[in-house]
Amino acid sequence: MKNSYRFIRSGVLTILLVFVAASVFVPIGKVEGEGTLLKTGNYIYSPTPNGGNSPDWKATGSLSMINGVLFDETPLYAGWMGSSTSPSTVNVVIDLLKDYPLDQIRLVLNSPNKYWGFKDVTIKYRPESATGYYIIDRHVRTGTDLNYSVTVPMSNKSARIIILTIRRTQPYQHIPLTEVEIYRGTGVEWQNPESAFTAEELKAELKKEALMADKFGQWMSETWPGKVRSDGQLQQEYADEAKALANVALDSTKYDQYGGIKSGEKQTSTGYFRLQNINGKWWFITPDGYPFIMKGIDATSLWEYGYKTPILKADGTPKQIFEELPDQTAYSPAYTKDANGEYVSFVIANAMKKYGIDYESKWEDITQKRLIDWGFNAFSKWTKPRNIAFPYIQVLQDPWNLRRIQWTYDVFDPQSAPTIENALKTQLQSARYSKWLIGYSYDNEAGWNSDIVTEVLTYSSDSPAKSAFVDFLAPRYIGNLNAVNQLLGTNAASFDALKDTPIDIAKVPAVDVSEYIRLASRTYYSMIRDIIKKYDPNHLFLGTSIVPTWRTSLDWDQAAMEYVDAFSVDSYTRNASWISRYEAFGKPLLNLEHSFGSSERGLSYVNAATMTTSIAERGIAYRDFAESQAAHPLFVGSGWFSYYDQPVTGRPDGESYNLGLVNQQDQPYTDMVNIMKTVHAGLENIHLNGVGP
């Protein structure tokens with residue numbers, strides 16, 4: 001581990017040295033052409049544009065700045081059409097043929113209509129002698145104007161290669177790039193350049209990395225008030241916060257030990273959390289018998305998987321994106337490895353720097369006081385701290401060895417029930433008598449819709465789901481094989497033979513597809529309910545965290561209602577309109593994942609619906625969202641995802657979102673959490689009186 005650390009450090013130092021060398025090297029040459037528009041060089045695309053104008057449309061090789069559409073000062077453009085399989089990013093790699101001091105880069109991204117646009121664009125550069133890149137800017141699109149331009153100051157930095165990386169807001173968005181204007185700055189240009197890069201060499205540039213994170217895991221290409229500069233700063237922040245929170249504790253005159261409100265009429269106490277409708281409003285009831293609305297926080301553990309970032313490339317060599325990694329001996333708890341690679345958690349390393357000896361215990365004390373002070377009352381999803389007594393929901397993960405169908409599994413497989421039971425029974429038995437456990441959710445964001453049925457119908461009889469479909473369909477047509485063949489356009493000799501016959505879903509009546517999905521849902525939810533109740537009859541079954549309009553269907557969701565105590569969703573939206581989808585079913589509703597984010601400090605937001613422009617605006621968006629949910633009589637609680645931001649260098653699956661109440665340097669987003677504190681103090685009254693924004 002220690003040798004690996006030295007290797008990474010030396011690699012970063014090499015990059016820094018060549019950058020420094022490039023910035024101070026003064027070649028012999030003239031100072032001329034300042035402020036002029038450069039039109040010299042070549043560029044390539046990755047992937048190839050499948051929209052826009054020739055000659056860039058479908059261009060797979062190198063294009064000349066003189067002949068291409070990006071530097072011609074006309075409305076012609078390169079475009080990338082969106083679809084369900086579109087890559088999330090597109091790249092343009094530009095070779096200026098030699099180093100130039102640059103004044104600014106201006107991009108024009110005019111959209112033909114509202115279906116075109118982009119989420120953000122990152123601009124990287126390197127001088128010829130450097131082996132890695134600098135990130136000069138990451139610009140986030142604002143507004144809805146079709147005509148859009150971005151101007152990025154370069155401040156006379158020397159560059160030969162420039163890379164533009166443009167991201168989509170969502171897969172179906174089309175991306176335009178109309179014009180690139182590169183202006184020469186003040187200084188001298190390199191007089192002895194290498195020959196022009198080939199198309200293959202330019203594509204290889206995309207594999208080179210740029211420095212992104214400093215030694216605390218912070219975005220290097222931006223400054224902001226309070227940015228951590230030293231271990232001493234972290235330690236002083238701990239001392240100041242510990243003093244400010246010294247007297248924080250749950251108000252026992254207002255709440256019971258679980259966070260139930262004492263101003264509400266006390267109900268029957270069963271010793272466990274349960275649900276009750278009181279005067280037309282659903283509430284949780286605490287083990288002590290008081291009404292409770294869950295104000296939860298997700299992924300609160302210091303050791304949360306999603307807070308770490310990979311430190312190796314796919315080929316096993318160190319990533320050159322870190323200014324400096326924590327010492328692997330002194331901060332060994334921050335390092336982990338698995339079959340897919342090695343990782344560091346700046347969250348853990350920064351906590352160790354900040355809290356010192358017995359860091360986890362001190363961190364837990366501060367975290368519990370923060371959450372009480374901010375008005376949170378539960379750990380609502382995913383991981384939680386080891387030693388904080390808070391109500392919580394436990395996520396039961398589906399076993400890895402189930403028979404899969406795309407994002408879900410074959411609920412008709414007779415091996416599903418024993419496999420799931422074997423995987424869950426120990427967890428259920430160990431939590432059976434916990435008074436802090438609210439209940440269980442199972443799996444995550446995985447329902448059935450017509451896409452699943454489409455695939456199932458292509459399977460053969462060795463698929464339990466396909467056999468179940470034929471067994472379901474036959475009695476609906478009174479066992480009339482001829483009628484079924486005629487309906488489906490098949491010529492199966494028997495219903496058993498039909499199980500081995502591919503079926504086109506377009507030939508299946510919509511009502512049959514719907515009823516088959518409902519059958520699958522009833523099979524699934526009844527199985528999970530029965531397993532939970534077998535080993536733990538004391539706690540609630542809270543559903544499967546469905547995303548209302550993604551990877552599920554209303555047929556699936558509706559059929560689940562009979563078997564769950566409450567129905568849970570993950571809804572990253574602006575208001576409580578998602579509730580209307582389920583209103584008619586009358587079940588208590590939970591939103592176990594939601595948040596608002598902004599594209600600051602190297603991070604991004606989850607989707608356009610939850611985008612904000614500042615930390616304070618995140619709090620305002622939360623206020624409106626939380627109050628609109630709480631006003632509904634079916635609503636019983638929600639969970640903010642998550643306690644910490646994701647790493648700026650990406651978690652193992654690449655996500656890098658501004659989601660936290662706290663950044664990865666353990667600094668609370670004060671402008672946001674102060675608003676949350678006020679909101680939380682009034683949510684029970686809003687739910688009681690049904691008045692929201």
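This section describes the confidence, domain arrangement and salt bridges of a predicted model.

The mean pLDDT of the protein is 93, and 95% of the residues score at least 70. Residues 1–32 form a stretch in which pLDDT stays under 50; for this stretch the model has 52 contacts beyond four places in sequence.

Three domains are given by the domain assignment. Domain 1 spans residues 36–211, domain 2 is assembled from the segments 358–447 and 515–689, and domain 3 covers residues 450–507. The centres of domain 1 and domain 2, taken over C-alpha atoms, lie 39 Å apart. Seven residues from domain 1 and nine residues from domain 2 make up the contact.

The size of an interface is often expressed as the accessible area lost when the parts come together. Between domain 1 and domain 2 the buried area is about 540 Å², with carbon and sulfur atoms contributing 51% of this area. On the side of domain 1 that touches domain 2, five residues are charged, one is polar and one is nonpolar. Zero salt bridges are found across the interface of domain 1 and domain 2, whereas five residue pairs, both members at pLDDT 80 or more, are in polar contact there.

Side chains of opposite charge can pair when their charged atoms come close. The count for the model comes to 36 salt bridges. One of the salt bridges links K499 to D471, with an N to O distance of 3.1 Å. Another joins E342 and K337, whose closest N and O atoms are 3.7 Å apart. K337 is exposed, with a relative accessible area of 56%.

Definitions and conventions: Residues are numbered from 1 along each chain as its sequence is written. Side-chain values use heavy atoms; hydrogens and water are left out. Domain bounds come from an automatic or database domain assignment. Contact means heavy atoms within 4.5 Å. Buried area is the accessible area (1.4 Å probe) that two parts lose on being put together, summed over both. A salt bridge is a side-chain nitrogen of Lys or Arg within 4 Å of a carboxyl oxygen of Asp or Glu. A polar contact is a pair of N or O atoms within 3.5 Å; within protein, one must be able to donate a hydrogen and the other to accept it, and residues adjacent in sequence count only if both atoms are side-chain atoms. Ala, Val, Leu, Ile, Met, Phe, Trp, Tyr, Cys and Pro count as nonpolar, Asp, Glu, Lys and Arg as charged, and the others, Gly among them, as polar. pLDDT is the predictor's confidence in each residue, from 0 to 100. Buried means under 20% relative accessible area, exposed over 50%, partly exposed in between (1.4 Å probe, protein chains only).
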